[in-house]
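Me: Hi! I'm new to reading protein structures. Could you walk me through this one?

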Amino acid sequence: MGFEGIGASVRRKEDVRFLSGRGNYTDDINRPGQLHAYIKRADRPHARINGIDTAAAAKAPGVVRVFIGTDIAAENIGGIPCGWQIHNKDGSPMAEPMHPVLAVGKVRHVGDPVAVVIADSRQAAKNAAELIEIDYTDLPAVANLTDAVAPGAPEVHDGVAGNLCYDWVIGDKAVVDGVFANAHRVVKLELTNNRLIPNAMEPRSAIGDYDTSSGDYTLYTTSQNPHVIRLLMGAFVLHIPENKLRVVAPDVGGGFGSKIYHYAEEAIVTWAAGKVRRPVKWTAERSESFMSDAHGRDHVSTAEMAIDADGVFLGLRITTLANMGAYLSTFAPAVPTYLYATLLAGVYKTPVIYCNVKAVFTNTVPVDAYRGAGRPEATYLLERLVDAIAYDTGMDKVELRRRNFIPADAFPYQTPVALQYDSGDYQTTLKVALQNAGWEGFEGRRAEAKKRGKLRGIGISTYLEACGIAPSAVVGSLGARAGLYEVANIRVHPTGSVTVFTGTHSHGQGHETTLAQLVVDQLGVPLDQVEVVHGDTAKIPFGMGTYGSRSLAVGGSAMVKAMDKIIAKGKKIAAHLLEASVQDIEFKDNTFTVAGTDRSKTLTDVSLAAYVPHNYPIEELEPGLDETAFYDPKNFTFPGGCHIAEVEIDPETGVVEMVNFTAVDDVGRVVNPMIVEGQVQGGVAQGIGQALFESAIYDPDGQLLSGSFMDYTMPRANDIPPLSVATENTMCTHNPLGSKGCGEVGAIGSPPAVINAVVDALKEYGVRHLDMPATAGKIWSIIQSAQPRMAAE
Amino acid sequence: MPQVTLTVNGQQHTVEVEGRTLLVELLREKLGLTGTHVGCDTSQCGACVVHIDGLSVKSCTQLALQADGTSITTIEGLAAADGTLHPMQEMFREHHALQCGFCTPGMVMTAVDLVQSHPHGLTEKEIREGLEGNLCRCTGYHNIVKAIAAAHPLMHAEAAE
């Protein structure tokens, strides 16, 4: 069988069902007697609802009920809650306008849910929805950030002046301004982090079910965190107590953050099932997903670095506008503050930092965390700014970075922006990446490409991020409304097999394999005897789900603690069985041994004795071998590394071709190298997507122009080059595994590496900066407008 | 209501459908074969790919009635009757070419046709271009390309036997 513990590239246990078409995704589930829901959505960005006439729809063939916002409001149902409260710089809390489950009074974005039709088929529901007549008065709308904060801009929410959700700061402005005033030089850059749509391949889906005999509700949903949905929807929206509400997240086809949030559709189908007393099923059409799944990113920033004559960073000063969309999604206020601004030291020893973030409402789909959640925005800003410093001063891009790195002996390192890094070795990841990417030989490749009429460029990004979310008390003091610990229940069965019940959730990360590897490692149980169960609130006591690269660092650590308890109890049982003292019992490779002898009992012997306690220390120890542990992390974890991108541009067309991509990351302890590579490869592809192809585009009036895969460019296989992915790891010092997490690093380090390469390729055209995506049209225009200038020189 | 008669994974079915019923709806909803997935509404994503008379087709862009008299293989029909995985399925697992699994059925069906129709070999470029009709958001395609390249000699060696 070979080695299957920590460090083995074990092939995944979950693969066979996915490869055979036996996955159990939410839309695959059908409940007896189910009805289908179709959501009628606003087709305009901002309007007052004068009236909704559902009479014709209610009588249409197959229709059972039609519900609108006033029906829901009449039942004392709460609005969709926000899970994180940010405070303004004056201490006052953020604006938190009501987010109704179905629109009441106004619609505020294209896609805002207005009505739901419940019918005996999807087609019948969809046809009937077209018969709903809505009397709107259109209002002026605002889609982009600069328009939304301009004086006189239309107000998305009555009473929220200037569309300002909050005005937040970190750092001491007076100190930073003083450093800037005395600096040798200040380098300034304005940048935009483009709005993205996560587009997991599985569209969102939800089935509400109501048991008329027990009064229990069940929600099947495409969620990354079923317990969080039970908490938010049960406590704050539908007022159903936890013991009467079960949430099941079965196989979920990708999330990337977009499936964290409690969405209106979940509340709608659950509530409706109770009203019609039959299961109610809803699945998004893809173009519906485009206007209802949370979008990502969407920042506009001004960044300034004060430097000395040697390029040493003296201070960083940033102002950022961050788009919240029309309503606050679950995590949204935290993303441009505690997941962004606290990362602005990056890998550098910049001594003082000041950042002001204004979060702004617009008539667009709500914006929330998307793979990286704030850290790609911070990394893009820093790494573009560092390259701009190199451009302006003529200093070498790599040397400038090296000179400013936090040295390897400086850990634990307290940044000026709250976070304290535990470990890292930026010189090593840089050195290995430069080697693997063939950095030294690049100019030769550039010259060779030029002979073929192509512009070749190379770009580097050195970065870190903060994940393993999160220490509860820390985030609580920063406005989080929930704890962020994780739970593991390890059950050893009488015959020695093990079931792990974890509060994390696997939607592509391979936990059924990787978490099982932790059990192989610590309890010595063979992999095929370990089962990992996740996704059902009826089976698992509690949990906070999977996002923020936390499943191993936090969920795995909870498992380690639970297994420590198993071993501790097992030793007592073994001591009894072996008639030895518990201090003399050692545990290794599934076996308890009396030290210095060959007298032993296997875990199976011990567990059978525990469940059939005939020869057992029953006075001191309960029967059974089943332990639960909660783990609350002591700090964030800090993976990171160095990414290098190489591109070739065809000046005739502006098309940017990715020719190479090299990643060297520090992810701490690696459980399954194959899975880590897969996570980085997938993240890099999304980063390349952001850098070259993807953009969620609204017209100035709030119409979503990129409303389907026809207009939103998803990276395809021939857009992504072969990816060189490696790790150089330093251990996390504060969790029992030493793991830092690897789920998001690919999407964080890559976009600036790609843009830095594009800018490098265009250097003969005098390009200092361009924003993402670097589409062919944009690059072609840059080249065209530079050429007359060049001809004149 | 009109009827359609077709063979799916070796079994013949006669099903009542509407004129507007898509083949993917027939498979998923009428025949309970939920392995074939719907990932978009513009025929871009490829999660719905099946084989019709041996060729890969997007089942979201076929009406059920168009499939009358045809022989269809879905992902559920790819493995052997005794459960032995098809070489493409084996190589996807071996090379970690799937993560969430949602695009996988369509990806595998496209890949099988791609390899079958190129007995003399496939360059990496040809594989990547051959996957233009299949989106994956999880893997970055790197391991999918590796898996397909690895399956080629296995599939053609089998055919040669």
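Here is our chat about the structure.

Reply: Happy to! This is a predicted model, where local features need pLDDT of at least 70, side-chain atom pairs count only at pLDDT 80 or more, and totals for chains, interfaces and linings use all residues. Residues are numbered from 1 along each chain as its sequence is written, while chains are lettered from A and ligands numbered from 1 in the order in which they are written.

Me: Cool. How many helices and strands does chain A have?
Reply: Chain A has 20 helices and 28 strands. Both are DSSP runs, numbered from the N terminus: helices are H or I with at least four residues, strands are E with at least two.

Me: And what domains is chain A split into?
Reply: There are domain 1 (18–139 + 201–254 + 259–290), domain 2 (299–469 + 635–792) and domain 3 (485–631). Those bounds come from an automatic or database domain assignment.

Me: How far apart are the C-alpha centres of domain 2 and domain 3 of chain A?
Reply: They lie 41 Å apart. The contact between them takes 19 residues from domain 2 of chain A and 16 residues from domain 3 of chain A. Two residues are in contact if their C-beta atoms, placed from the backbone, lie within 7 Å.

Me: What is the domain 2 side of that contact made of?
Reply: On the side of domain 2 of chain A that touches domain 3 of chain A, 10 residues are nonpolar, 7 polar and 2 charged. Here Ala, Val, Leu, Ile, Met, Phe, Trp, Tyr, Cys and Pro count as nonpolar, Asp, Glu, Lys and Arg as charged, and the others, Gly among them, as polar.

Me: New topic: what share of chain A is buried?
Reply: Of its 793 residues, 58% count as buried. Buried means 20 or more other C-beta atoms lie within 10 Å of a residue's own; exposed means 12 or fewer, and partly exposed is in between, with C-beta atoms placed from the backbone.

Me: Which residues have the most contacts inside the largest nonpolar core?
Reply: Those are Ala37(A), Val117(A) and Leu344(A), in a core of 302 residues. Helix α16 (residues 551–578) of chain A gives the most to this core, with 11 residues. Such a core is a set of buried Ala, Val, Leu, Ile, Met, Phe, Trp, Tyr and Cys residues joined through C-beta atoms within 7 Å.

Me: What does Val117(A) touch?
Reply: Not counting residues up to four places away in sequence, Val117(A) touches several residues, including Ala37(A), Tyr38(A) and Lys40(A).

Me: Is helix α13 of chain A in the open or buried?
Reply: Helix α13 (residues 442–451) lies largely in the open, because 0 of its 10 residues are buried. Just after α13(A), Gly453(A) takes a positive phi of about 80°.

Me: And which way do the side chains of strand β21 of chain A point?
Reply: They alternate along β21 (residues 530–533): Val530(A) and Val532(A) point to one face and are buried, whereas Glu531(A) and Val533(A) point to the other and are not.

Me: Last one: how many residues of chain A are in contact with chain B?
Reply: 42 residues of chain A are in contact with 43 residues of chain B. The largest share of the chain A side, 6 residues, comes from α18(A). That side divides into 17 nonpolar, 15 polar and 10 charged residues.
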